[in-house]
Amino acid sequence: MKKTIKDIDVKGKRVIVRCDFNVPIDEQGKITDETRITASLPTLRYLAGQGAKLILMSHMGRPDGEPDMKYTLKPVAERLSVHLGQPVVFVSSPDVVDDAVWAAAEALAPGQALLLENLRFRKGETKNDAAFSKELAGLADIYVNDAFGTAHRAHASTAGIADYLPAVSGFLIEKEVQFLGEAIEHPRHPLLAILGGAKVGDKISVIENLLGKVDGLIIGGGMAYTFFKARGYETGSSILDEKNLELAASLEKKAKEKGVSLLLPEDMKAARAFDNEAESAYFDADKLPPGWMGLDIGPKSVKRFAEAVASAGTVIWNGPMGVFEMPNFAQGTRSLAEALAASDAVTVIGGGDSAAAVEQFGLAGKMSHISTGGGASLEFLEGKILPGIAVIEDK
Ligand code: AMP
């Protein structure tokens with residue numbers, strides 16, 4: 001068990017909290033979805049209520065180690081001020097930590113909060129640079145990690161900083177570790193994993209690890225075509241990971257050997273082009289004509305996958321079944337989300353696009369747990385040690 005903010009005395013202490021404020025921002029600099037900000041509030045309110053002096057830090061987007069005001073955290077400070085009911089001090093330093101930031105940190109009264117500028121304005125952040133970790137640590141007495149979405153990365157603010165400060169987790173990470181840990185270590189069987197999406201290369205290696213843990217595996221979305229091609233099917237101009245064809249074939253074999261039922265889509269909705277308005281038609285998985293691209297799973301697959309969900313004890317879902325951003329290719333993902341919502345199984349949604357899809361369909365409240373980290377949740381479920389969690393002290 002990892003120590004949390006409930007296990008330590010924070011009264012009057014300066015507490016530096018790694019949050020995930022990586023929110024989407026429009027052209028006008030307005031936050032278009034503040035789920036990640038509201039998700040951080042229980043931890044922040046608790047700490048403020050205990051009389052901690054809060055120093056908050058996060059990354060946003062990819063400014064690539066250079067100050068770029070397109071990615072300033074100023075709009076986050078404004079929204080946080082509203083949610084916390086008190087002005088959150090914000091010092092927009094291109095160096096993230098400088099004398100003005102130091103002065104602001106020293107001037108904090110118990111319960112007050114200061115937000116640092118985007119951590120990725122500094123190259124040292126993603127390099128887990130010791131000097132930058134030390135600068136951040138120098139601002140505080142205690143380190144709290146509550147950014148699950150970046151816990152699979154060893155960065156200065158997620159890992160290096162813990163070399164210099166006592167480290168505990170916030171409520172978000174605590175909940176993630178509880179739910180995901182339970183889902184993989186003591187699942188209600190049968191344990192079914194559903195993988196989809198487009199990042200075939202990333203997820204194909206995950207399958208290998210999951211095969212040792214799950215009773216069933218469904219592969220849909222853009223991932224399926226690499227398996228189809230490996231079987232010798234025509235895949236037209238569908239998304240494909242040519243490098244991993246052999247691996248796909250060997251995974252099918254391994255699944256059989258281990259007695260894991262591996263389901264691929266039986267049919268698909270394909271289009272002439274990557275366009276919502278393009279001509280579209282349904283094909284069986286092995287009957288796609290050249291020149292067409294599969295953009296969603298078809299009704300036979302939906303039926304089969306929904307049956308598997310209905311008989312599962314635990315379902316872990318990561319990655320949409322099709323290009324759900326286009327309404328004409330969203331049905332497969334929607335139907336699967338509905339099947340999860342209707343089932344009695346423990347349902348764990350692995351962040352990123354699947355979480356967005358479930359939100360979009362208004363089914364978020366029907367899931368047991370929606371992870372705040374896509375990549376992080378997958379690595380956790382694979383059984384990998386996440387650097388941002390490894391640094392948290394054990395109870
Ligand atoms: P990932 O980040 O790997 O979870 O991929 C999510 C993306 O996969 C979404 O933006 C979907 O539009 C995309 N996707 C799902 N199915 C397909 C498909 N058959 N072809 C192309 N893209 C897909």
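## A walk from the ligand site to the helix pairs

A backbone N or O atom of Gly-294 lies 3.0 Å from a nitrogen atom of the ligand, and that contact is a good place to begin in this predicted model. With the protein in place, 87% of the 510 Å² of accessible area that the ligand has on its own is covered.

Let's stay with the ligand for a moment. Its surroundings comprise 15 residues, and the closest are Ala-198, Lys-199, Lys-203, Gly-294 and Glu-325. Two of these names come up again when we turn to the oxygen atoms of the ligand. Ala-198 contributes a polar backbone atom, found 2.9 Å from an oxygen atom of the ligand. Lys-203 takes part through its side chain, with a polar atom 2.9 Å from an oxygen atom of the ligand. Sorted by class, the shell divides into 6 nonpolar, 5 polar and 4 charged residues.

From here, follow the chain into the helices. Helix α7 spans residues 200-211 and packs against helix α13, residues 374-382. Their axes are 9 Å apart and meet at an angle of about 30°. Angles under 35 degrees count as roughly parallel, so α7 and α13 are roughly parallel to each other. Look along the pair and you will find that α7 passes α13 in a left-handed crossing.

A second pair makes a nice companion to view. Helix α10 covers residues 299-310, helix α11 covers residues 331-342, and the two pack at an angle of about 20°. Here, too, the axes are 9 Å apart. Because of that angle, α10 is roughly parallel to α11. The crossing of α10 and α11 is right-handed, while that of α7 and α13 is left-handed.

Finally, two spots in the backbone deserve a visit. As background, most residues other than glycine have a negative phi, and most peptide bonds are trans. Where does the cis peptide bond sit? It joins His-189 and Pro-190, with omega at about -5°. Pro-190 belongs to the loop that runs between α6 (171-185) and β7 (191-195).

The other spot is Asp-64, a residue other than glycine whose phi is positive, near 60°. To find Asp-64, go to the loop between β2 (53-57) and α2 (74-84).

Notes:
Residues numbered from 1 in each chain as written. Predicted model: local features only at pLDDT ≥ 70, side-chain atom pairs only at ≥ 80, totals over all residues. Heavy atoms only, no water. Near = heavy atom within 4 Å. Polar contact = N/O pair within 3.5 Å; in protein donor to acceptor, adjacent residues only side chain to side chain. Areas by Shrake-Rupley, 256 points an atom, 1.4 Å probe, with all protein chains shown as cover. Nonpolar A, V, L, I, M, F, W, Y, C, P; charged D, E, K, R; others polar. Axes fitted to C-alpha atoms, helices over the stretch in contact; angles between N-to-C directions. Helix = DSSP H or I, 4+ residues; strand = E, 2+ residues; numbered from the N terminus. Parallel < 35°, antiparallel > 145°, perpendicular 65-115°, else oblique. Left-handed = near helix turned anticlockwise from the far one by under 90°.
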